[in-house]
Amino acid sequence: MKILLIGRDGQLGWELQRALAPLGELVAAGRRGDGPVADLARPDSLAALVRQVQPELIVNAAAHTAVDRAETEPAVAQALNADAPGVLAREAAALGATLVHYSTDYVFDGSGQEARDEDAPTGPLSVYGRTKLAGEQQVQASGCRHLILRTSWVYAARGGNFARTMLRLAAERDGLRVIDDQVGAPTGAELIADVTAHAVRRLQREPALAGLYHLAAAGQTSWHGYACHVIEWARARGHPVRVAADAVRPIPTRDYPTPAARPLNSRLDTRRLRDAFGLHLPPWQQGVDRMLDEVLGPGA
Ligand code: NDP
């Protein structure tokens, strides 16, 4: 199978390079640098790349993921998050290829306390959420065989992430304030990439499995719970931690204003994915601890 990966250098793209490699001949495109180039802002060149590579599978891990910046550049976010996936999907349809595309819990308004399934009404609060939802709709309208995987709170060992920021601040400061009324599941790029590879293999044999799925690690926490978990992980292993356990203070979202509104309830119901593909999704702590081990080492 010939595979075209778009966005090879992002958190997820990097892990997909590893996870997709055993499935076939992988052409991994980045925004710049050596090798094939795929710029979501240039739809003509994107279509030309697909026609040149002639893949059976296209995996799009690239997106405009700067949630706050998207508020001031909605046209750019629309081009990258909605129109570019539309181009890829229509090219996939013309070729008879499958498209894997990623979306987000930010397509929801975050009301209530229950985990949302794939049929729950959407209601994005931000430009990022609206443009990601428009991207899903363009993929669905294209008629190509597709998997759209909505995920949440993505982290990876490579690049900056929330856990690393908390550990740096915990080593520098006496006190921290962290939001405790946004609830979701931190989900590793490694897990998303591995599930993608598994799902693609199954889809080859059972095309009827195509569609929209929620993919997140099991369990739930708040950003405050997430921060406390990583700080206590580091403390227990002798890494430098200055902040006292009781000095990591929970605060409501309204005390930490940001340009983009974020959903309070980011819980995703993953039953459809688990049932369709026979998958077990591990608790969020498992992937986070593994990432911390990778980034910081086993400690003193
Ligand atoms: P990253 O921000 O780590 O990676 C996004 C990639 O897209 C980067 O490599 C970036 O390149 C690339 N990119 C940006 N603009 C362009 C462009 N014009 N042309 C080509 N490439 C471009 O994101 P993640 O890996 O975390 O996200 C993967 C997917 O998961 C996305 O669809 C995202 O919407 C979704 N998602 C992410 C969540 C998160 O918490 N991060 C939560 C839920 C869903 P460069 O580095 O050069 O900017």
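Which element gives the largest share of the shell around the ligand? Strand S4 does, with three residues. The model is predicted.

**Ligand site**

The ligand has 23 residues around it, and those that come nearest are Arg31, Leu40, Thr65, Tyr128 and Lys132. By type, the shell holds twelve nonpolar, six polar and five charged residues.

Three side chains place an N or O atom beside a ligand oxygen atom, at the distances below.

| Side chain | Distance from its N or O atom to a ligand oxygen |
|---|---|
| Arg32 | 2.9 Å |
| Thr65 | 2.6 Å |
| Lys132 | 2.7 Å |

On its own, the ligand has 900 Å² of accessible area, and the protein covers 82% of that. Two or more shell residues come from each of these elements: helix H1 (11-20), strand S4 (98-104) and helix H4 (127-142).

Thr65 and Lys132 appear twice in this picture. Both are among the residues that come nearest to the ligand. The Thr65 side chain has an N or O atom 2.6 Å from a ligand oxygen, and for Lys132 the value is 2.7 Å.

**Nonpolar cores**

In soluble globular proteins, nonpolar side chains tend to be buried together. Here the largest nonpolar core has 58 residues. Leu16, Val59, Leu176, Tyr226, Val230 and Leu273 have the most contacts inside it. Helix H6 (residues 189-205) gives the most to this core, nine residues.

Take Leu176. Leaving aside residues up to four places away in sequence, Leu176 touches Met166, Leu169, Ala170, Ile231, Val243, Ala247, Val248 and Arg249.

Another core lies apart from the largest one. This other core has 25 residues, including Ala47, Leu80, Val139 and Leu212.

Key: Residues are numbered from 1 along each chain as its sequence is written. This is a predicted model: local features need pLDDT of at least 70, side-chain atom pairs count only at pLDDT 80 or more; totals for chains, interfaces and linings use all residues. Side-chain values use heavy atoms; hydrogens and water are left out. A residue is near a molecule or strand if one of its heavy atoms lies within 4 Å of it. A polar contact is a pair of N or O atoms within 3.5 Å; within protein, one must be able to donate a hydrogen and the other to accept it, and residues adjacent in sequence count only if both atoms are side-chain atoms. Accessible areas come from the Shrake-Rupley method with a 1.4 Å probe; for residues, only the protein chains shown count as cover. Helices (H or I, at least four residues) and strands (E, at least two) are DSSP runs, numbered from the N terminus. Ala, Val, Leu, Ile, Met, Phe, Trp, Tyr, Cys and Pro count as nonpolar, Asp, Glu, Lys and Arg as charged, and the others, Gly among them, as polar. A nonpolar core is a set of buried Ala, Val, Leu, Ile, Met, Phe, Trp, Tyr and Cys residues joined through side-chain atoms within 4.5 Å. Buried means under 20% relative accessible area, exposed over 50%, partly exposed in between (1.4 Å probe, protein chains only). Contact means heavy atoms within 4.5 Å.
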